[in-house]
Each structure stands twice: as structure tokens, then as C-alpha cells.
Amino acid sequence: MIAAALSLSVQVAVVATILVTIAGTLTGRALAHRSFPGREVVETLLSLPLVLPPTVTGYVLLVLLGRRGLLGGLSIPFSWLACVVAAAVMSFPLMHRAARVAFEELDPRHTLTAASLGAGRLRSFLAIELPLARRGLAAGIALAFARGLGEFGATLMLAGNIPGRTQTLPLAVYEASLTGENRAALALCALLTGVSIAVLLAVARLGRHR
Amino acid sequence: MIAVLLAALIATAVSLKKPMDEAIAAFSKKVPGEKLEIEAAASGVIVAQVEHGAPLDLFLSASPVEMDRAAKTGRLVEGTRRAIATNRLVVVSRKGLAPPKTFDDLMDPRFARIAIGNPKTVPAGRYADQAIRKAELTGTIGRRLVFGENVRQVLDYVARGDADAGIVYATDAALVGADVVPGPVIDATLHDPVIYEAALVSGEGTARAKAFLEFLASPAGLEILAKNGFGPPPQ
Amino acid sequence: MRAEPGITVVFGPSGAGKSTLLRAILGATRPSEGRIALGDRVLFDAKAGIHVPIRERRIGIVFQDAEPFPHMDARANVAFGARGGDPDAWLSRVGGSALAAKRGAVLSGGERQRVALARALAAEPQALLLDEPLSGLELASREQIGGLLLELRRQARIPFVYVTHDPREAVRLGDRLVYLERGRVVAEGPPSELLAPGGAASPAAGSTNWLRAVVVEDGPEEARVDLGGTLVVTGPLHAPPGTVVDLALAAEEPILARGEVHGVSARNFLAGVVSSVQEHDGIVVVIVATPVPLRVHVTPESARELSLAPGQRIHLLVKATAFRP
């Protein structure tokens with residue numbers, strides 16, 4: 001139970017974090033320094049999973065992605081993919097915000113200079129903006145990973161709690177506590193905490209290296 | 001504020017929620033002034049609460065197994081444990097599919113996902129799991145099972161179409177709308193008998209909960225249960 | 001305004017719109033009306049709806065205080081937009097060869113500007129914009145980088161548009177001066193002329209006299225310079241005869257005298273004619289043509305006692321050390 005949950009949790013968190021890093025960096029960049037009518041609305045929508053109770057988000061996802069939902073054909077609920085979707089949706093706002101702030105803190109003169117030197121927008125983004133925003137982005141990735149690893153409410157709703165298939169570490173803790181297996185529950189808690197600490201330390205060290 | 005503190009807290013298995021609401025209403029008419037509050041969850045969840053010291057006064061379990069666990073904590077009031085009802089398991093399926101005619105029909109591939117309660121924490125799930133094993137269906141449908149956290153959720157999965165079929169109590173099947181199609185009742189010899197037990201939990205509101213328990217066990221209470229489709233307690 | 005090859009200084013008080021002008025030329029902002037052309041290429045035309053994006057304009061920029069890209073070393077910075085040519089060659093042109101491997105973040109102020117200049121010029125721009133590049137530097141670096149700019153101006157043969165509010169830089173570096181006030185071009189012409197007292201740009205020049213003179217003689221104790229035809233004694237300048245020097249003379253320094261005066265410590269006794277007398281905030285500003293116009297501040301009592309009036313012949317007593325290089 002423990003091994004399966006650990007392996008599943010790590011896989012899910014890694015995949016979800018990769019997706020969220022890409023998406024969050026792009027949306028963060030898109031909304032940095034940009035003011036247009038409706039910007040606050042867009043920001044609020046992107047931040048919803050952060051403020052809504054996870055079970056609400058999970059339920060909404062279930063309605064959207066379930067068989068009768070808008071994307072029903074993909075058969076997502078109760079699958080490994082559902083765990084990834086739940087973790088990704090819940091951790092996305094953290095990455096988006098971190099990225100947006102990181103890009104907003106860049107000295108705009110660097111992008112102006114890069115443009116004056118003939119760099120197109122893509123080259124400017126890859127060669128100048130990304131490297132300079134590195135630290136803020138790394139912090140966002142760390143937060144997103146930790147959030148994805150610890151995701152519970154939405155996962156329970158969307159993926160169910162099927163051992164070996166969708167039972168992540170947090171769900172395993174929950175079940176162990178319900179069935180009175182307190183020693184297993186504590187072991188799982190320790191494991192989860194340990195993995196999270198390890199990840200956060202590693203990213204902090206990466207950030208410090210510059 | 002004080003009124004709330006003096007209310008008796010009843011924790012019941014989800015499948016008993018509707019009859020318990022009716023019983024509380026009837027009891028309050030007979031004995032006005034007694035405040036009763038009710039919480040519904042899977043029996044496994046309630047046992048965990050009892051184990052961790054939650055201030056419950058009355059526990060209604062969908063299985064003696066959970067009641068045994070509760071008894072081990074020493075928090076049950078001696079001599080108050082009794083059976084109050086029985087139930088049957090039934091197969092349901094979602095609308096749009098040809099419903100199964102027998103339990104074995106579940107083997108058909110059109111039932112790609114079959115929902116039952118989590119066998120570890122939901123008695124209905126445990127009963128369903130036993131039935132599946134005894135009927136030797138595990139090989140075929142074992143991998144198609146998805147777990148709900150309580151019987152209501154199992155019904156929900158089927159109603160929404162996220163599960164193609166499910167195993168729930170006969171009493172639940174009667175509650176559903178057009179989205180869920182009731183199917184065959186499962187042979188009772190395939191699983192442990194579904195016996196609901198009640199017991200008082202020692203705490204603040206025990207005295208008040210005692211009066212309600214006696215009402216449940218009286219003909220008036222038993223009638224409410226029977227009206228909702230529950231069988232009488234074994235003699 | 002026009003900017004030919006050489007250094008065109010855009011000068012004006014704070015808020016005059018100097019930086020805005022630069023940003024418009026660069027392409028970073030879009031003016032509501034007007035036209036910007038570089039050679040025969042139209043970069044912006046409000047009426048025709050033309051607005052060429054920054055990266056296509058071939059205009060370089062050097063900011064005040066801005067770093068080279070901090071995460072790249074100097075060579076990589078210079079190579080970023082370089083069109084052919086060796087980044088190291090450009091670095092040595094700006095005297096920055098030693099910096100090639102140093103990362104942008106560790107360079108000092110003067111070193112940063114060298115790299116920024118090399119980086120901008122390596123892209124072979126058709127014009128170079130400079131936004132107060134010397135403002136954040138300490139004096140010694142200002143001297144050096146200023147000298148470097150003059151050298152580069154000679155080599156590059158493209159227009160340099162140089163924004164500053166420092167009259168000293170304008171006089172030292174500018175081939176011509178454009179004076180902006182509240183977003184409008186008020187005057188164009190030679191810097192020393194516009195910045196002289198009474199000149200079009202003098203409201204923003206402060207009360208100091210910014211003078212250009214030629215060294216005639218230099219010694220260990222004093223030097224003589226030719227200030228527009230008048231011989232003036234200053235402190236030692238450490239420059240050979242023939243050198244053009246910039247000197248500053250505070251308006252409070254000169255003492256006005258009606259007649260001849262003898263036996264005083266001032267080494268300069270300049271003859272001149274009063275051009276104008278005006279009272280501002282309790283100070284009387286007198287412009288005296290010597291023939292170079294000099295701005296002098298006196299108290300209203302003194303002005304009355306001397307009966308100062310335009311056209312009057314007057315003498316100025318100025319100490320040699322009052323002329324600061």
C-alpha cells in the first residue's frame with residue numbers, strides 16, 4: 001500500500017508539475033505588464049482553484065470531465081490521469097502567480113535593449129527573460145510540486161480512492177486513519193513530509209547557487 | 001449556544017439517513033424540547049471518530065463489524081447495543097444501458113466501470129466485495145471496480161454515468177430517479193447478513209439519546225424503518 | 001529636430017520630455033502625432049499609420065545605470081546582437097578587453113557602460129541613443145567614459161542622440177544642442193552659445209557660467225587661457241597650450257567695480273559692458289559681455305549703489321582659482 005501510493009504520488013506530482021510549469025510560465029508572462037479590459041477577471045479565474053475549497057474544485061472537474069461532461073469522451077475520472085488533472089489544476093495558480101511576479105520584476109530596459117539589438121520576441125523570451133526570471137520561476141515550481149504532492153480533496157472527488165491505481169499518499173493516509181491503522185497512517189505522514197522537505201530543500205539550494 | 005451544546009448527537013450510516021430524519025421528526029413531536037442532531041457518514045468513518053474521542057451519543061452502524069471496532073474503544077455504554085434493521089444488496093445500472101438480468105451479467109463488457117463502496121471503510125462495499133468473491137466474479141470484474149466513499153456517492157457515480165453499474169442497498173435503489181435503473185437483488189447467501197446495529201456512546205448527551213433509541217426500537221420506530229424498505233432485525 | 005552624424009545633445013530641465021523623446025525614437029512608445037525618419041527610412045508616421053517595431057529600427061541604446069545582461073559575460077553581451085565582426089574586437093575598441101569573461105552582474109559602473117557601448121555598436125546601428133549615460137558614474141569614470149564617447153563618435157560616423165541635464169556634459173560632448181522645454185523644441189544650435197547666459201537654453205543651465213577656453217600657457221602655479229579673445233588667469237590646468245578646456249565660474253564669484261582697482265589679490269581684472277540687469281528672488285542677475293557673456297549675482301543694494309544699467313562699462317574682479325576646470 002505504502003510503496004504503491006508513494007510511487008503513484010511521485011509520478012503524478014512530477015507530471016502535473018511539468019504541465020503546470022509550462023502553462024503557468026506562459027500565462028504568467030502573458031499577463032505580466034499587460035493591462036487590458038477584463039484583466040482582473042482573467043486573473044481571478046486563473047486563481048480560483050487557490051481559493052475554492054478543493055472538494056468544490058474536484059466536483060466541478062468531475063462534472064466537466066465525467067462521462068456526461070463537456071470533455072466526457074476522454075474517460076478521465078478514476079484514472080491515473082484524473083490524479084494528474086486534479087494535482088495540476090490545484091497547483092496551477094501558484095505557478096502562474098510566481099511566474100507573473102517574476103516577469104514583472106524584470107528590469108524592462110533589458111527587454112528594450114534586446115529588441116534594439118534585433119532580438120525577436122521568442123529569442124528575447126528564451127535568452128533574456130527566462131534566465132533572469134529563473135529564481136522566481138524556481139520558487140513557483142517548488143510550490144507547485146509540493147501542492148501537487150499533497151493534493152487530496154479534488155483528487156478524492158475526481159479520481160476516487162482506488163489502491164494501486166489512484167490512491168496517492170494523502171489518500172492513503174486518509175484511509176489508514178479511517179480503518180484504524182494508525183501506525184501505517186503515521187508512517188505515511190512521515191514519508192509525505194520527508195519527500196516534501198527534500199524537494200523544497202533541493203530547490204532552495206538551486207536558487208541559492210547564483 | 002447553550003441549546004446546541006445540550007443537543008444529543010446521532011451518528012448514522014448513510015443508508016439510514018432518511019429513516020432517521022423521519023424518526024427524529026416523529027420523536028420530536030412526541031417528546032418536544034429534546035434537541036437531536038444527526039450526522040451521516042460511512043460507518044468506517046464514524047468508527048474512526050469514536051476511536052478519536054468525538055462527542056457522539058448514539059452510533060448507528062450498517063454492520064456489526066464496525067460496531068465491534070467501536071466496542072473495542074470501551075466508549076460504548078454496556079448493554080445498549082442492539083440490532084435494529086436488515087437490508088439487501090441490489091445491482092443498479094445507468095440509464096442508456098441494457099440493465100443486467102442477473103448478478104453474473106455484470107461480467108458483460110458493457111459494464112466497463114462498476115462502483116461499490118470502499119470495502120475498507122464502507123460496509124456496503126465490504127458486502128459487495130464478499131458477494132463478488134463468493135460468486136467468483138473477481139477475475140472478470142475485479143479490475144473494473146471503482147470505489148465510492150459511501151453508498152450515496154456510489155449511486156451518484158452511476159447516476160452521472162461515470163460508472164456503468166453499481167452495488168448498493170435495496171433501500172437506496174428505491175430512492176433514485178430516472179438516471180439509475182434498479183436491477184437484480186443479490187443472493188443473500190453470497191455475503192454476510194446486512195445487520196444494522198445501534199449503541200449508545202458514553203458522553204454528555206447519552207441520557208437524551210437513550211430516549212430516542214428506545215423510540216427506535218418501539219413499534220413506532222420499527223414501522224418507520226419498514227416503510228423505508230428495511231427488513232426487521234433478526235430475532 | 002535633426003541629428004546629423006556626431007553628438008547631438010538633447011538638453012532641458014527635468015520633465016521636459018527628453019527621455020520620452022528617446023523612447024519614441026527607439027520605438028518603445030508610440031507618439032500621438034509626428035514623424036520619425038532615419039536616413040530615407042520612415043520609422044514612424046502618425047498620419048500614415050506607420051510604426052516600425054523596435055527590433056527593425058537598427059537603433060542602439062545605452063541607458064543610465066542599466067546593466068549589461070547580468071547573466072551573460074561581457075563577450076556574450078557584445079555578441080548578442082553583433083552583425084559579423086569579432087566581439088573581442090569591439091571590446092578592445094571600448095577599452096574593455098579585460099572584461100571579456102566577466103559576468104554582467106559583477107562589473108563596475110564605468111565597466112558597464114563600456115560593455116553597453118560595445119554591445120550597442122557591435123549591432124552596427126544607424127543611430128545611437130544615450131540616456132544620461134554618465135549620470136550614475138563617479139567623477140573619474142565620467143571623465144574616462146566621456147573621452148571614450150568622443151573617440152567613438154569620431155569612429156562611428158552615425159548620429160548619437162545624447163540626453164542630459166548636465167550643462168557641463170553638453171558643452172564638453174555636444175556638437176550641437178537641442179533645447180527642450182515642456183515637450184517642445186525651443187532652440188537648436190551650438191551648445192556653448194545656447195548655454196551662455198542669456199542664451200536660449202540658459203534657464204536650465206543653472207547659475208554657473210559654463211565656459212570653453214583655449215590654453216595659452218600652463219605653469220605649476222597658474223595658467224593663462226584665451227576666453228573668447230580675453231586673456232584670463234586660472235589655477236594650474238596640467239594641459240599643453242592649444243588644449244580646449246571647459247571651465248566653470250560660479251555667478252557669485254566675480255566682484256563688480258565701477259572704476260579701476262589696484263592692490264587686490266584677484267588675478268583677473270576683466271573689462272566688460274553690462275548687457276542686462278534683472279532682479280529675481282532678491283538677487284540681481286547681471287549679464288556682462290567681456291565679450292564672452294558672464295552671469296554675475298549681486299545684492300540689490302550693491303546694484304543700486306553701483307547704479308547698474310545696460311550699456312554701462314564695468315570691471316569684474318575674479319580670482320584665478322574661481323575658474324574651475
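Two residues are in contact if their C-beta atoms, placed from the backbone, lie within 7 Å. This is a predicted model, in which local features need pLDDT of at least 70, side-chain atom pairs count only at pLDDT 80 or more, and totals for chains, interfaces and linings use all residues. Residues are numbered from 1 along each chain as its sequence is written, while chains are lettered from A and ligands numbered from 1 in the order in which they are written.

**Exercise 1. Contacts between chains**

Task: Determine which chains have the most contacts between them, and describe the side of chain B that touches chain A.

Solution.

Step 1. There are 2 pairs of chains that touch, and the most contacts are between chains A and B. No contact joins chain B and chain C; their closest C-alpha atoms are 52 Å apart.

Step 2. On chain B, 15 residues are in contact with 13 residues of chain A. Helices (H or I, at least four residues) and strands (E, at least two) are DSSP runs, numbered from the N terminus. Two elements of chain B give two or more residues to this side: helix 3 (43–51) and strand 7 (145–148). Helix 3 of chain B provides the largest share, 4 residues.

Step 3. Ala, Val, Leu, Ile, Met, Phe, Trp, Tyr, Cys and Pro count as nonpolar, Asp, Glu, Lys and Arg as charged, and the others, Gly among them, as polar. By these classes, the side of chain B that touches chain A holds 7 charged, 4 polar and 4 nonpolar residues.

**Exercise 2. The domains of chain B**

Task: State which domains chain B has and what joins them.

Solution.

Step 1. Domain bounds come from an automatic or database domain assignment. For chain B that assignment gives domain 1 (8–86 + 193–227) and domain 2 (89–185). Their C-alpha centres lie 27 Å apart.

Step 2. Between the two, 13 residues of domain 1 of chain B are in contact with 15 residues of domain 2 of chain B. On the domain 1 side, helix 3 and helix 4 (64–72) of chain B each supply at least two residues. Helix 3 of chain B gives the most, with 3 residues.

Step 3. The classes on this side of domain 1 of chain B are 8 nonpolar, 4 polar and 1 charged.

**Exercise 3. Chains A and C in outline**

Task: Describe the elements, extent and burial of chain A and of chain C.

Solution.

Step 1. Chain A has 10 helices and 0 strands, and its C-alpha trace spans about 65 × 45 × 25 Å along its principal axes. Chain C has 8 helices and 18 strands, with a C-alpha trace that spans about 65 × 50 × 30 Å along its principal axes.

Step 2. A residue is buried if 20 or more other C-beta atoms lie within 10 Å of its own, exposed if 12 or fewer, and partly exposed in between. Of the 210 residues of chain A, 47% are buried; of the 325 residues in chain C, 40% are buried.

Step 3. Among contacts with a separation of 6 or more, residues 24 or more positions apart account for 77% in chain A. In chain C, 66% of the contacts between residues at least 6 apart in sequence join residues at least 24 apart.

**Exercise 4. A sheet in chain C**

Task: Give the strand order of the open sheet of 6 strands in chain C, and place strand 6 of chain C within it.

Solution.

Step 1. Two strands pair if DSSP finds at least two bridges between them. The order is 5-6-7-1-8-9, with mixed pairing. At the edges are strand 5 (59–62) and strand 9 (184–189) of chain C, each pairing on one side only.

Step 2. Strand 6 of chain C runs parallel to strand 5 of chain C, joined by 4 bridges; here C:Ile61 has C:Leu129 as its bridge partner. Strand 6 of chain C also runs parallel to strand 7 (residues 159–164) of chain C, again with 4 bridges, and C:Leu128 stands opposite C:Phe160.

Step 3. In a regular strand the side chains alternate between the two faces of the sheet. From strand 6 of chain C, C:Ala127, C:Leu129 and C:Asp131 point one way, C:Leu128 and C:Leu130 point the other way, and all are buried.

Step 4. At the other end of the order, strand 8 (residues 176–181) and strand 9 of chain C pair in the antiparallel sense over 5 bridges. There, C:Val178 stands opposite C:Glu188.
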